[in-house]
Amino acid sequence: MKRISINGGNTLSGTINITGAKNSAVALIPASVLCDEQTTIYNVPNISDRDALIDILNCLNCETSVNNDLVKIDSSKCENKQISLELSKKMRASYYFMGALLSKFKHVEMYFPGGCNIGKRPIDIHIKGFEALGATVKIKGDLYTIDAENLKGTNITLDFASVGATINIMLAAVKAEGRTVIRNAAREAEIVNIATFLNNMGAKITGAGTSVIRIEGVDYLHRAMIEVIPDRIEAGTYIILGAMIGNELKINNIIPEHIDALLSKLREMNVKYLLEENSVTISKAENVRAANIKTAVYPGFPTDIAQPMMVLLTQANGVSMYEETIWENRMGHVKHLVNMGANIKNGNTNAVVIGPTPLYGADVEATDLRGGAAMVLAGLIAEGTTKVTSIEHILRGYDNIINKLKNVGADIKIEEY
Ligand code: EPU
């Protein structure tokens with residue numbers, strides 16, 4: 001088995017280039033099956049979720065090629081087949097094939113998706129959206145069979161502004177007859193990226209990025225390309241790291257508006273940085289103030305950056321209150337931070353962090369993707385050696401994390417154990 005080994009305490013300087021957003025790429029790849037010709041996706045991160053989605057495309061008889069960050073997909077010979085239990089469970093985003101295949105073939109068979117264990121993660125809002133468009137959904141154990149004679153545009157108000165449901169319903173509606181309006185839609189930057197890709201294929205979607213998305217159904221989707229937006233969560237992870245052990249660490253290729261919630265929280269905490277057009281340069285901050293973090297849907301404070309942020313809270317002066325409002329089980333990292341010396345009291349979704357406390361190297365586990373990133377950050381600022389297990393969670397979502405950190409001076413490696 002593999003684990004990450006870190007000797008903490010090095011100062012980091014130089015440049016980290018941010019790659020394409022995982023949560024965009026994992027929807028763009030399934031969206032490509034909607035195209036009846038070839039699609040090209042630029043700036044795709046090198047993560048294991050990418051490979052798992054490409055495996056699904058290959059099983060559906062799509063032709064795929066991956067060349068560094070460039071993915072080409074020819075869906076002209078795409079066949080509708082059941083997506084196996086193993087492939088469905090490999091990651092959360094396999095469920096985007098529900099909307100995409102429903103739209104293309106009016107029939108889908110696949111299993112309940114996998115993904116990080118951060119909550120129950122039901123997909124009832126997706127299913128209600130498909131049903132509103134005219135589909136019938138049969139659920140037998142984990143197997144979902146979705147059929148429609150005809151998909152008809154309609155008005156759908158989501159119970160919650162779910163990222164996955166917004167994208168899945170958009171995919172399902174793109175070729176439906178007439179107009180679909182999604183209200184209380186999620187507004188995440190990734191949703192705009194997916195809508196742009198579909199529009200590049202000839203779809204008629206307006207309003208993506210606002211809470212009302214309008215989709216006029218079209219019959220045919222043609223050849224198109226898209227560039228994946230920079231990963232705002234990867235950027236946030238390294239910016240937080242820079243605030244703890246950076247020396248003019250430059251986080252490059254970012255879209256500042258996408259990380260506004262983090263940057264304004266850092267300012268509140270007395271963390272200084274230089275913001276330029278597409279980069280942030282940051283050094284170890286002195287006299288960091290404690291702060292309250294409450295996660296929220298976009299453009300609020302992102303749940304995906306909250307776990308790495310907790311590491312910075314352990315270094316802040318005073319008492320910080322932390323509240324996770326999106327996922328009911330996203331505190332797996334806390335006991336490991338406590339093991340390393342942090343002073344944190346937590347419930348299921350709340351925590352109180354009292355700082356500053358020095359952290360010491362320990363054997364810890366990546367309980368989920370972002371909890372794993374928090375462990376890497378903690379290991380890098382700690383005194384001594386930290387060994388992080390279950391690193392497959394981290395490699396699912398962070399492109400080239402070891403080399404990116406080594407290149408700026410970290411003592412970090414993957415080792416067998
Ligand atoms: N929810 C339902 N029913 C549904 C859908 C969602 O109750 O049908 C609930 C969820 O259980 C959760 C909340 O609504 O409590 C938010 O879920 P959402 O659907 O917005 O999340 P998601 O689409 O499953 C994506 C990202 C997550 C990120 C969330 C919130 C992908 C593949 N995943 O998940 O990313 O935390 O949006 O921003 O895009 C990560 O990258 O580490 C990660 C977990």
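Here are some questions and answers on the cores, a helix, a sheet and one threonine of this predicted model.

This is a predicted model, where local features need pLDDT of at least 70 and side-chain atom pairs count only at pLDDT 80 or more, while totals for chains, interfaces and linings use all residues. Residues are numbered from 1 along each chain as its sequence is written, and side-chain values use heavy atoms, with hydrogens and water left out.

Reader: Which helix gives the largest share of the largest nonpolar core?
Author: A nonpolar core here is a set of buried Ala, Val, Leu, Ile, Met, Phe, Trp, Tyr and Cys residues joined through side-chain atoms within 4.5 Å; buried means under 20% relative accessible area, exposed over 50%, partly exposed in between (1.4 Å probe, protein chains only). The largest one has 80 residues, and I41, F97, L102, M170, L198 and I205 touch the most other members. Its largest share, seven residues, comes from residues 163-173, helix α6.

Reader: Why is α6 largely enclosed by the rest of the structure?
Author: Helices (H or I, at least four residues) and strands (E, at least two) are DSSP runs, numbered from the N terminus. The buried residues of α6 include G164, N168 and M170. It's largely enclosed because of its buried count: 10 of the 11 residues.

Reader: Which residue caps the N-terminal end of α6?
Author: Look for a side-chain oxygen 3.4 Å from the backbone nitrogen of G164. That oxygen belongs to S162.

Reader: Which strands stand at the edges of the open sheet?
Author: Four strands make up this mixed sheet, in the order β21-β22-β1-β23. Two of them have a single partner strand each, so one side of each is left without a neighbour in the sheet. Those are β21 (363-365) and β23 (411-416).

Reader: In what sense do β21 and β22 pair?
Author: Strands pair if DSSP finds at least two bridges between them. E365 stands opposite T389 in β22. Over three bridges, β21 and β22 (residues 385-389) pair in a sense that is parallel.

Reader: Which side chain makes a polar contact with the side chain of T303?
Author: T303 sits in helix α10 (residues 303-313) and, at 10% relative accessibility, counts as buried. A polar contact is a pair of N or O atoms within 3.5 Å; within protein, one must be able to donate a hydrogen and the other to accept it, and residues adjacent in sequence count only if both atoms are side-chain atoms. At 2.6 Å, the partner is R330.
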